[in-house]
Each structure stands twice: as C-alpha cells, then as structure tokens.
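Please open the structure in a viewer and set the backbone to a cartoon representation. The stops below are given in the order in which they may be selected.

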Amino acid sequence: MSTLFEPDAPTPIIVHDAPGGSGGGSNRGAGHAGPSSRLTDGLNPPQREAVEYRGPALLIVAGAGSGKTRVLTHRIAGLIETREAWPSQILAITFTNKAAAEMRERVSALLGQASEGMWISTFHSACVRILRRESEKAGLTSTFTIYDSADSRTVLKRIIKALDADTLGFTPGNAGAQISKLKNELTDVDAYARSANMSDPKQAVFLEIFRQYTRTLRSAGALDFDDLIGETVYLFRAFPETAALYRRRFRHILVDEYQDTNHAQYSLIRELTRPVSRELVVEMENKGVLVRGLEDETGIIPGASLTVVGDSDQSIYAFRGADIRNITEFERDFPGARVVLLEQNYRSTQNILSAANSVISNNFDRKAKNLFTTVGDGDKITGYTGYSGHDEAQFVADEIEALHRKGMAYRDIAVFYRTNAQTRALEEIFVRSALPYRVVGGTKFYERAEIKDAMAYLIAVANPLDELAIRRILNTPKRGIGPATETQLAQFAETNGLSFRAAMREAGSLGLGPKVTNAILQLAAVLDQAAAMLVPVQADDAAPTPSDDPNAEPDARGGVGAAKVSEVLTFLMTESGLLEALRRSRDPQDETRAENVEELVAQTKDFEKENPGSGLVDFLTQVSLVAAADDLDDSSGTVSLMTLHTAKGLEYDAVFLTGIEEDLLPHKMSANEPGGPAEERRLFYVGITRARQRLYLSLAMTRSQFGDTSVAMPSRYLQEIPADLIDWRQSPGMANSRGGTQPRALNARRDGRGPGQYGYSSDPTLPPAPRPKTEWPNAIGAQVRDNGDLELAAGDRIRHTNFGEGRVSQVTGEGTKRVAHVQFDTAGAKKLLIKIAPIEKL
DNA sequence: CCTATGAGGGTTTTT
DNA sequence: CCCTCATAGG
C-alpha cells in the first residue's frame with residue numbers, strides 16, 4: 001500500500017532510515033559532512049558555495065559561461081551522495097530536453113551509477129507526466145493530445161470564420177497570441193469574462209472566441225502548450241491532497257534558466273514548494289503514505305528546498321510571457337534566500353567578454369555584473385559588411401573554410417541569425433561552397449504535411465475524441481469525402497450526441513451515396529482495428545478506461561502484449577492507403593514524401609529501442625515536446641545554423657553573428673514595444689557570449705525580403721562595442737544611405753545621444769566624440785555614392801575600391817536594383833548592387 | 001468533389 | 001519570395 005500514492009512507484013521513498021542522517025529527513029543543520037571533496041575540487045569559491053549551501057532557497061546568478069551546469073550537477077550529486085536526498089526526491093527543471101538528458105548523464109557519471117527516479121525534465125514534460133497520471137482529477141483522458149501552435153491555429157481559424165470575427169480584425173495569429181498571454185497569466189475564460197468590458201464589441205467577441213476555443217479543446221481531449229502548465233497549477237489548487245503527494249515527494253527542486261519563466265511556471269514552482277499542512281500529513285499517514293521523517297516538530301512537512309539558476313541579462317523570452325521579475329524579485333518572494341554570484345567565465349576570451357560586457361552595460365535597470373576570465377585577450381573580433389545578404393553569406397562561408405583549414409572542426413562552428421528567413425541566403429551559398437551544415441530548428445521534420453498526416457492517424461487511434469486529427473485524415477489520401485460530407489457527419493454527431501468518431505461508424509444511416517458511405521466506414525474500421533491492436537492480449541475483460549490506480553498504465557500507453565508503435569503505424573499507413581497513394585502519385589515530390597513516412601516508421605522503431613516499455617502515447621508526447629535544440633546531434637561533423645533564441649545555452653569555438661542591422665537586430669517589430677530594444681540587446685549579448693575563441697560580426701548594406709531589396713543600416717548595438725576590439729575587414733562606416741549625405745552611422749542613432757561613429761566609444765557611458773573618417777582601415781571614401789545612372793553590360797571591365805579590377809559577366813535586375821555579376825581578377829566572383837557599389841567603369 | 005490558376009498577404013523570436 | 005485561399009471549370 002505504501003506505493004499507492006507514490007508518483008513514481010518503483011523508487012524507494014523510505015527516507016527515515018537513510019544512512020548518514022541523524023533522524024531529520026533533510027538533515028538540515030545536522031552537521032552533515034557535505035559533499036565529498038571530489039565534488040568541490042576545482043571549483044572557485046562562489047561555485048563551491050552554490051554546491052554546498054543548504055537552506056530553503058538559493059538563487060545562483062550565473063553569468064554566461066560561468067559553469068552553472070557544473071554547479072547544478074555537482075549540487076544534485078552532492079545531495080544524493082551525502083544521503084540528504086534520494087534521487088526520487090529531486091526535481092530538476094531545464095529549458096530543453098537535451099539539457100535535461102545531458103544533466104542526467106552528468107549526474108550519473110558523478111555518482112557512478114544510474115540515478116533512477118530523478119525527475120530531470122522541462123516544465124512541459126514534467127507537467128504532462130503529472131497530468132497523465134492525474135488525468136481523471138483534471139477531467140481529462142489520460143491519452144489527451146497536445147496541440148502545437150499549428151493545431152491551435154486551425155481551431156482558431158474555424159472559430160473566427162464561424163463568428164465572422166475577422167471583420168473586427170481578429171486573425172488566428174493575434175487571437176492565439178492573446179489567448180496564450182492570458183493563459184500564461186493563469187487567466188481562464190471565466191476570469192477573463194469577469195474582467196472584460198462587455199460593452200466593447202471587440203472584447204465581447206474575443207471572449208466568445210476564447211470560450212469556443214476552450215470548449216473545442218476540451219471536447220477533443222486536447223491541451224495546448226500553455227494549458228500543460230496552467231492545468232497542472234489548477235489541479236494542485238483544486239486538489240490539495242493531490243498536491244500534497246507531490247510536495248511530499250519532491251524535497252529538492254532546482255530550476256535552470258529561471259529568468260525565462262512566466263507567471264504560470266512561477267506559480268507551479270510556488271505550488272510545489274509549499275509546506276504540507278498538519279491535517280494533510282495526518283490524512284496521508286492514514287492512507288498509508290509514508291511521511292515519517294519528513295515532518296518537522298510541528299507536524300507539517302516543510303516546503304521543499306528551492307534552487308534557481310539564472311541570469312537576467314539572458315532573459316530573451318518576454319514575448320512568451322517570461323517575467324524577468326521572477327528572478328529580480330526572488331529575494332523578496334523567498335525571504336531569507338541566499339544569493340550566489342558567479343562571474344568568472346570559463347568559456348570565452350577576454351576580448352569577447354569585454355564586447356559582451358560593454359554591450360549589456362547599456363541596459364539600465366540591471367544589477368551590475370562583470371564577466372571576467374583569466375585565459376587572456378585572444379583574437380580580435382572580426383567584422384565584415386557585405387553588399388548583400390549573399391555577399392555576407394559568402395564571407396561567412398569563406399571564413400569557415402579558412403578556420404577549417406587551420407584545423408577547426410565544422411561541428412565547433414555555428415552561425416546565428418535573428419530570423420529564420422535569413423537561412424535562405426546562407427544555405428544557398430553553403431550548398432554552393434559544399435560546406436557541411438545543418439539548420440537546427442526551423443522547418444522541422446515533424447512539421448511536414450505528410451508527417452503531420454501520419455501523426456494524425458496515430459493521434460486518432462490514441463485519442464478517439466480528437467476531432468481535429470480525424471478531420472485531418474478524413475480525406476487524406478483522397479477518398480471522395482469532401483467538406484459537404486464532413487459537415488453532415490459533424491451535424492449528425494451533434495444532433496445525436498455522438499462523437500465524430502462514433503458518427504463515422506453510423507455513416508450508413510446518413511443517406512449518403514454508397515461510395516462515400518463505404519469510404520467512411522472503411523476508415524472507421526481501420527482506426528478501430530488499429531486501436532484493438534493496442535489492447536494488451538491478456539487483459540481481455542479490462543475496460544479501456546483508465547483505472548483509479550495511478551500506477552496502472554492505460555492501454556494506449558503500451559501494456560503487455562500490445563502491438564508496438566511501429567507496427568500500428570505500418571498498419572495504418574498501409575491500410576489507409578496513404579503510403580500507396582504517395583508512391584503511385586505522379587508528382588515527383590510525393591516520392592520524397594513517401595520516403596519521409598518511411599523515415600517516421602524508422603523513428604518509431606528507434607523510439608521503441610530507446611524507450612522500452614513505452615507506448616503510443618509516450619511516442620506522441622515526445623514528438624510534441626521536442627524543442628528545436630533537442631535534435632542537435634553533437635556527433636555530426638557539420639556547421640550549425642540557428643536563430644539567436646535557440647542558441648541560448650550552447651557554446652562553440654567560433655561563432656558568426658549575422659545580420660547585425662537595424663530592423664533585424666533590433667527587429668523592427670520590437671522597436672516600439674516597451675522593453676523591446678533592451679530585450680534585443682540581451683539577445684545580441686547571448687549571441688556574443690556563445691563564442692569561445694573566435695567571434696565574427698557581419699551585416700549587409702542591402703537585404704532582400706519578400707522578393708525586393710532594401711537598404712540596411714548597421715545595428716545601433718555595434719557602436720556599443722569598443723572600436724579597438726573589432727578588426728573590420730570591411731567596415732560599415734562609410735557606405736551611404738540612398739542619396740543621403742550623412743554617414744550611415746548617424747542614421748542608426750536613435751537615442752538622441754547625438755552623432756556616433758562606428759567603433760568609436762571605448763567607454764559606452766560617455767557620449768561619443770567625433771573621430772576622423774580616415775581612421776577607418778577599410779574606408780571606402782567619404783563622397784556620396786550614387787551610381788544610379790551607370791550603364792554596365794556583360795563584358796565591361798570595372799574597378800572596385802576593394803576588389804580591384806574585374807569583368808562584368810552579367811547584369812540582372814532593373815532600376816535601382818540592378819545587380820552586376822563580376823568576375824574579379826583576384827577577388828573571385830561577386831554580385832554587386834550597381835547603385836551603391838564603389839565601382840567605376842574602365 | 002477535384003484540380004488548376006491567380007490574387008493576396010505575410011514573419012520576430014518558441015515550449 | 002512563397003504559401004494559402006478563393007474561384008472557376010472539369
């Protein structure tokens with residue numbers, strides 16, 4: 001009985017006879033020896049304190065590269081080694097699944113044994129685990145589906161259309177963003193209804209959208225990303241005795257990247273760290289839950305010990321509801337909390353750190369923190385200004401090749417950018433240069449239409465309530481079931497109080513044509529057969545509903561004798577005719593699509609191998625929760641391309657920060673938002689601090705977007721780096737804006753601090769003084785350049801200020817966007833925007 | 001019900 | 001530029 005309420009059954013939870021303890025479960029103040037020196041050797045004093053400190057709350061302010069992962073893993077290992085905690089009493093929250101896996105591995109390595117029962121996962125994974133276990137209390141199926149943003153979008157699109165809400169300016173995008181924001185604040189429909197001003201038609205309609213969205217997801221047995229957190233909080237608040245079980249279990253909670261937590265996540269942590277009241281302790285004891293040794297002298301179980309790690313300078317997820325105050329006000333939230341500051345950086349050279357420090361110091365309203373290192377200055381930062389995004393990409397490719405020739409492995413090099421759209425130019429050039437690269441994140445495998453289709457089949461089997469999944473596959477492959485039939489089915493279901501799925505089985509009584517009726521019945525049969533495959537063979541009389549026993553695994557989660565995910569998927573793909581349709585298709589792209597589906601089957605087999613005992617729902621969960629950074633394979637010998645956001649937490653020997661331009665960094669969408677430019681600066685800071693040895697900053701004078709090209713200005717943040725740290729191969733300083741007479745740097749200046757010049761201020765707190773243009777090593781010339789009327793044709797010889805002489809091979813584009821393709825005698829092939837290139841005809 | 005065609009619109013970042 | 005959506009014709 002003692003394990004009945006134990007959230008993770010196989011793990012022993014008998015704390016009171018832990019060796020090394022003198023009676024108190026947590027050993028707090030019991031004079032324990034502390035972690036062995038093996039776990040603290042080689043740490044600097046603050047790191048050591050962060051590992052050894054014991055108390056209710058600890059905030060580790062960890063600057064970039066200050067060894068926080070090391071501190072966290074050693075802290076966890078120390079807790080276990082000294083027997084202050086069983087592995088099962090530890091809950092560690094990381095930002096990505098990859099970080100979680102790495103942390104688990106490192107803790108196990110430190111302890112020399114696998115650490116069974118430890119929960120190391122992301123917020124979302126942990127919540128899914130809790131919600132599936134407590135699904136009944138939360139009013140959910142244990143096989144609930146997790147909707148990604150695309151799914152939410154589809155639902156919202158339907159609702160907005162039905163309500164004609166687009167006339168009021170609602171789009172799936174903005175409505176979804178608003179709903180997400182509310183959920184992150186733990187505001188549900190009812191709470192919103194109470195606060196909304198119903199005489200405002202916009203708010204009234206939004207309320208209706210919100211209400212219908214919530215209802216749709218409910219009836220589909222689905223949760224969106226935000227619900228995963230919010231529903232867990234609601235569950236704990238509504239069922240104190242359930243919350244008590246988790247509060248009793250997790251005695252040490254550690255949260256990484258705390259600066260990026262939102263209000264819902266903060267509330268979840270608060271719920272988990274509350275003490276368990278006397279009454280509930282008694283109640284648990286009566287039910288056979290082991291609590292002895294956990295209570296204090298007053299009979300309550302004190303709140304768990306909380307450790308958070310973060311750096312407010314790296315807070316870059318405000319758009320997702322992250323509230324920087326969670327970390328800045330930690331000491332107020334948790335009175336008596338100890339704060340440890342880690343400032344020594346073990347990653348980067350001093351030049352890179354100086355640049356980072358100097359940039360971030362422009363954010364007012366922050367606690368002073370200065371990263372330092374003892375490894376020396378290192379190389380200067382390399383700067384480059386291309387004429388176009390392609391030119392910039394070519395520079396990146398050339399430099400990577402140079403680094404590679406000097407012995408740097410491709411896998412130690414990364415290229416970052418602000419928006420995903422920027423990958424295009426980079427990829428084109430990389431392919432042409434035969435550089436091995438991979439784009440991390442971006443359009444992922446699981447976002448491809450055919451994969452979403454295949455997944456929808458699996459979801460329809462796992463969660464028959466999920467109408468969205470069923471509707472997606474209803475006519476995929478083409479079966480002649482069109483929108484009209486779909487509506488009829490939905491109506492039939494509605495009037496007869498059936499689920500959509502049940503209505504399909506009754507298709508015979510709808511009076512549809514024989515061909516359509518047959519198609520529907522056949523699909524329903526295929527899904528039913530697949531569902532039957534998942535029922536464990538020996539449990540012939542078991543009802544397919546989840547039982548009361550939290551340890552019982554529902555059928556779709558893979559009972560003994562149940563079919564494997566790969567078998568079910570293969571069955572579905574064959575019997576539904578999807579694979580056949582793709583193979584038979586004339587469209588050459590369908591061939592790759594069929595291969596992708598086969599790749600998915602292969603992935604399910606991998607999953608089975610790596611997660612024995614897991615079932616269909618586990619597979620679906622894992623797929624839903626993979627983050628961009630998760631599929632980063634360290635062993636691949638390729639250059640990594642990713643956004644600045646996904647770069648967080650990673651580090652590389654050489655880093656290229658591209659597109660350091662106004663409107664891109666800071667992005668134009670954030671320029672007007674309060675706190676926008678400061679957050680963009682932190683993003684730049686995060687990018688800079690990823691580099692160990694070499695840092696490159698690049699930008700372009702023109703950038704094409706949506707097909708047309710416009711002039712780009714250097715980012716205001718570039719001026720915040722002391723000039724002597726950057727070695728400009730091609731400086732941005734002298735190129736002129738369209739017809740302008742001022743240096744570009746002036747145009748970039750928006751804070752009223754007066755004219756600045758590139759690379760000038762070595763002390764960012766002082767107003768910049770003018771500096772002669774001639775100091776630019778690569779100055780192009782001060783004259784206003786406008787070659788708008790320069791006529792060029794293939795075969796012409798030209799001279800370029802930097803590239804020397806060359807021959808025009810081709811001229812493309814029109815008007816101000818004419819581009820000359822030039823084969824230079826020494827500098828190779830380049831594309832130049834004729835209007836602004838520093839060229840003359842010979 | 002399916003397919004081809006053209007117009008229109010859109011992107012910041014992501015669990 | 002690329003993707004989605006609406007429309008018309010098969």
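The tour passes from an annotated loop to a sheet, then to a strand residue and finally to a pair of helices. The model is predicted.

**First stop: the annotated segment**

Select Ala62, Gly63, Ala64, Gly65, Ser66, Gly67, Lys68 and Thr69, which the unreviewed UniProt entry annotates as "binding site". Within this selection, centre the view on Ala64, in the loop that runs between strand E1 (57-62) and helix H2 (68-81). Is Ala64 buried or exposed? Its relative accessibility is 2%, under the 20% limit, so Ala64 counts as buried. Beyond residues up to four places away in sequence, Ala64 touches Asp311, Gln314, Asn345, Arg347, Leu371, Thr689 and Arg690.

Move next to Lys68, which lies in helix H2. With residues up to four places away in sequence again left out, the contacts of Lys68 are Ala62, Asp256, Glu257 and Val309.

**Second stop: the seven-stranded sheet**

Now display the open sheet of seven strands, whose order is E11-E12-E10-E13-E14-E9-E17 and whose pairing is parallel. Its edge strands, each paired on one side only, are E11 (437-439) and E17 (726-730). Neighbouring strands are turned against each other by 20° on average, direction ignored.

Select strand E13 (residues 652-657) together with strand E14 (residues 691-700); five bridges join them in the parallel sense. Here Ala654 stands opposite Arg694 in E14. Then add helix H16 (residues 389-405), which packs on the sheet and touches E9 (381-386), E10 (413-417), E12, E13, E14 and E17. The direction of H16 makes about 155° with that of E14.

**Third stop: Thr643**

Which strand holds Thr643? Thr643 is in E12 (residues 639-643). Its relative accessibility of 10% places Thr643 among the buried residues. Apart from neighbours within four places in sequence, Thr643 is in contact with Tyr417, Arg418 and Asn420.

**Fourth stop: two helices**

Select helix H15 (residues 350-360) and helix H27 (residues 676-688). Their axes come within 9 Å and cross at roughly 170°. Angles over 145 degrees count as roughly antiparallel, and H15 and H27 are therefore roughly antiparallel to each other.

To inspect the contact, show the side chains of Ile352, Ala356, Val359 and Ile360 in H15, which meet Arg681, Arg682, Phe684, Tyr685 and Ile688 in H27. By class, this contact has seven nonpolar, two charged and no polar residues.

Note on methods
Residues are numbered from 1 along each chain as its sequence is written. Chains are lettered from A and ligands numbered from 1 in the order in which they are written. This is a predicted model: local features need pLDDT of at least 70, side-chain atom pairs count only at pLDDT 80 or more; totals for chains, interfaces and linings use all residues. Side-chain values use heavy atoms; hydrogens and water are left out. Axes are lines fitted to C-alpha atoms, for helices over the stretch in contact, and angles run from 0 to 180 degrees between N-to-C directions. Helices (H or I, at least four residues) and strands (E, at least two) are DSSP runs, numbered from the N terminus. Angles under 35 degrees count as roughly parallel, over 145 as roughly antiparallel, 65 to 115 as roughly perpendicular and the rest as oblique. Contact means heavy atoms within 4.5 Å. Ala, Val, Leu, Ile, Met, Phe, Trp, Tyr, Cys and Pro count as nonpolar, Asp, Glu, Lys and Arg as charged, and the others, Gly among them, as polar. Buried means under 20% relative accessible area, exposed over 50%, partly exposed in between (1.4 Å probe, protein chains only). UniProt positions are given in the numbering used here, feature names are shortened, and annotations may be inferred rather than shown by experiment. Two strands pair if DSSP finds at least two bridges between them.
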